[in-house]
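Here are some short exercises to work through with the coordinates open in your viewer. Try each task before reading its solution.

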Amino acid sequence: MRFPAIRAVKGFGSPVLSALCRSRLCNMAEHSSDQVVFNKPKVELHVHLDGAIRVLTILDVAKRRGIRLPADTVEEMTKRIIVEEPGTLTSFLGKFAEYMHVIAGDREAIKRIAYEFVEDKAKEGVIYVEVRYSPHFLANCKVDPLPWDQKEGDVSPDDVVRLVSEGLSKGERAFDIKARSILCCMRHMPNWSMEVVELCKKYRHEGVVAIDLAGDESLNCETNSGHKHAYEEAVRSGVHRTVHAGEVGPPSVVKEAVEVLKAERVGHGYRTLEDPALYRKLLDQKMHFEVCPISSKLTGACNPDFTKHPVITFRKDRANYSLNTDDPLIFNSTLHLDYSTAHEHMGFTEEEFKRLNICSAESCFLPKHEKEKLLHRLYEAYGMIQSTAF
């Protein structure tokens, strides 16, 4: 694997060059064993912005803002953040508290992480990405309650969406990649959800393509009507919809996502296989599953033995699904690692990688004419003729 060029990021702070070099080299060394098994254009549909921040950026912003962290080097801070062994979804979510207070409520930092995210994805060969985040988790005003024990500031959820969109747009121009965003509702905060769908509507022409629901799957939407009402408004307004479901929760959560919330895609969806009738129905509907192999092992969502992963069944059944990183910062991973894992332990071939990326493009939330351009770019890169692709 080649080392990337080292250069300053204009307009997003000025960290010491030597520190930047150490961070880049350290990161590349950590992933030097990631075999690049599919060195062709890729599409990624399930990755969280707040789970894809550079550790050096966290340290840099903390220093600028005068925020004291429990570690002051990339190596030490990385050890505090990453999950190294399979655990629980709850323990995984606790990792965000290590650093989110550094980024949240800071305009420059929010715009910077969006820009750097696009750069990092371009280096992985991604040509189209949909990145998701909760606007409320990155804000420090007009949010009840304020996240991360912050003091009241002047960055609202609306400001967050605008700043992220600006950062993504700047990254698109710099790195020849198309990046769009999905705004997350949180299951434990149904009072935020109507604002989320209104932000989706307001910024639909500035890069926001869909709404999502993330968090504790035990909090169903029949008892938390704020989510249901928000998704009903999304349907009425033509806002695309995806839902985290069946990651650790039962198949009934997937059924609720599809039948009650009218989800067009399912985030993870592994537990769908426990209900054969539901699984067959979703196969027939060509429901898209946003699969995250490395994530599913380290959050305890699936059997840690990759040879028994649900995506193997998806592959054999030629289901509609994608491969994604979810939270590469916390899993200390890359998209190359998810692909090499699928190749080495799950029997994936280059032809299947091509097929799943075409499925991903067909299931993305771009307008029809932009989707057609994306598909054409993939067919061209893969040496395929559209009419005989399948």
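## Strands and crossovers

Strand E2 (residues 126-133), helix H7 (residues 157-175) and strand E3 (residues 178-186) form a β-α-β unit with a right-handed crossover. Keep in mind throughout that this is a predicted model.

**Exercise 1.** Trace the pairing around E3: which strands pair with E3, and in which sense?

*Solution.*
- Start with E2, which pairs with E3 in the parallel sense over 6 bridges.
- For a specific spot in that pairing, look at Tyr133, which stands opposite Leu183 in E3.
- Now follow the chain onward: E3, helix H8 (residues 193-202) and strand E4 (residues 208-214) make a right-handed β-α-β unit.
- E4 and E3 are also parallel, over 6 bridges.
- Leu183 turns up again here, with Ile211 as its bridge partner in E4.
- Finally, check the cover: 8 of the 9 residues in E3 are buried.

**Exercise 2.** Do the job again for strand E6 (residues 265-268): how many bridges join E6 to strand E5 (residues 240-245), and how many to strand E7 (residues 288-291)?

*Solution.*
- E5 and E6 run parallel and share 4 bridges.
- His244 is the residue that stands opposite Gly267 in E6.
- On the E7 side, 3 bridges do the joining, and the strands are parallel there too.
- Arg265 stands opposite His288 in E7.
- The route from E6 to E7 goes through helix H11 (residues 276-284), a right-handed β-α-β crossover.
- The route from E5 to E6 goes through helix H10 (residues 251-259), and that unit is right-handed as well.

## Backbone oddities

**Exercise 3.** Scan the backbone angles: where is His268, what is its phi, and is it buried or exposed?

*Solution.*
- First, the baseline: most residues other than glycine have a negative phi, and most peptide bonds are trans.
- His268 lies in strand E6.
- Its phi is near 80°, a positive value in a residue that isn't glycine.
- With the buried cut-off at under 20% relative accessible area, His268 counts as buried because its relative accessibility is 0%.

**Exercise 4.** Now take Arg318 and the Asp144 to Pro145 peptide bond: what is the phi of Arg318, and what is the omega of that bond?

*Solution.*
- Arg318 has a positive phi of about 50°, and it is not a glycine either.
- Its place is in the loop between helix H13 (310-316) and strand E8 (320-323).
- Arg318 has a relative accessible area of 48%, so it is partly exposed.
- The peptide bond from Asp144 to Pro145 is cis, with omega near 0°.
- Pro145 sits in the loop between E2 and H7.

## A helix check

**Exercise 5.** Test the geometry of helix H15 (residues 335-346): what should its 12 residues span at 1.5 Å a residue, and how far apart are its end C-alpha atoms?

*Solution.*
- The expected span takes 1.5 Å times one less than the number of residues.
- For the 12 residues of H15 this gives 16 Å, and the end C-alpha atoms are 16 Å apart, so the two agree.
- At the start of H15, a side-chain oxygen of Thr334 comes to within 3.3 Å of the backbone nitrogen of His336.
- Just after H15, Gly347 adopts a positive phi of about 80°.
- The buried residues of the helix include Leu335, His336, Tyr339 and Met346.

## Core and contacts

**Exercise 6.** Go to the largest nonpolar core: which residues touch the most other members, and which helix gives the most to the core?

*Solution.*
- The core has 120 residues, and Tyr321 and Leu323 touch the most other members.
- Helix H6 (residues 107-123) gives the most to this core, with 7 residues.
- Leaving out residues up to four places away in sequence, Tyr321 touches, among others, His288, Val291, Phe314, Phe348 and Leu356.

**Exercise 7.** Zoom in on Lys95: which residues does Lys95 touch, not counting residues up to four places away in sequence?

*Solution.*
- Find Lys95 in the loop between helix H4 (89-93) and helix H5 (100-103).
- Its contacts are Arg80, Ile81, Ile82, Val83 and Ile330.
- Lys95 and Val83 are 12 residues apart along the chain, with their C-alpha atoms separated by 8.2 Å.

Notes
Residues are numbered from 1 along each chain as its sequence is written. This is a predicted model: local features need pLDDT of at least 70, side-chain atom pairs count only at pLDDT 80 or more; totals for chains, interfaces and linings use all residues. Side-chain values use heavy atoms; hydrogens and water are left out. A nonpolar core is a set of buried Ala, Val, Leu, Ile, Met, Phe, Trp, Tyr and Cys residues joined through side-chain atoms within 4.5 Å. Buried means under 20% relative accessible area, exposed over 50%, partly exposed in between (1.4 Å probe, protein chains only). Helices (H or I, at least four residues) and strands (E, at least two) are DSSP runs, numbered from the N terminus. Contact means heavy atoms within 4.5 Å. Two strands pair if DSSP finds at least two bridges between them. A crossover is right-handed if, with the strands pointing away from the viewer, the path from the first strand over the helix to the second runs clockwise. A polar contact is a pair of N or O atoms within 3.5 Å; within protein, one must be able to donate a hydrogen and the other to accept it, and residues adjacent in sequence count only if both atoms are side-chain atoms.
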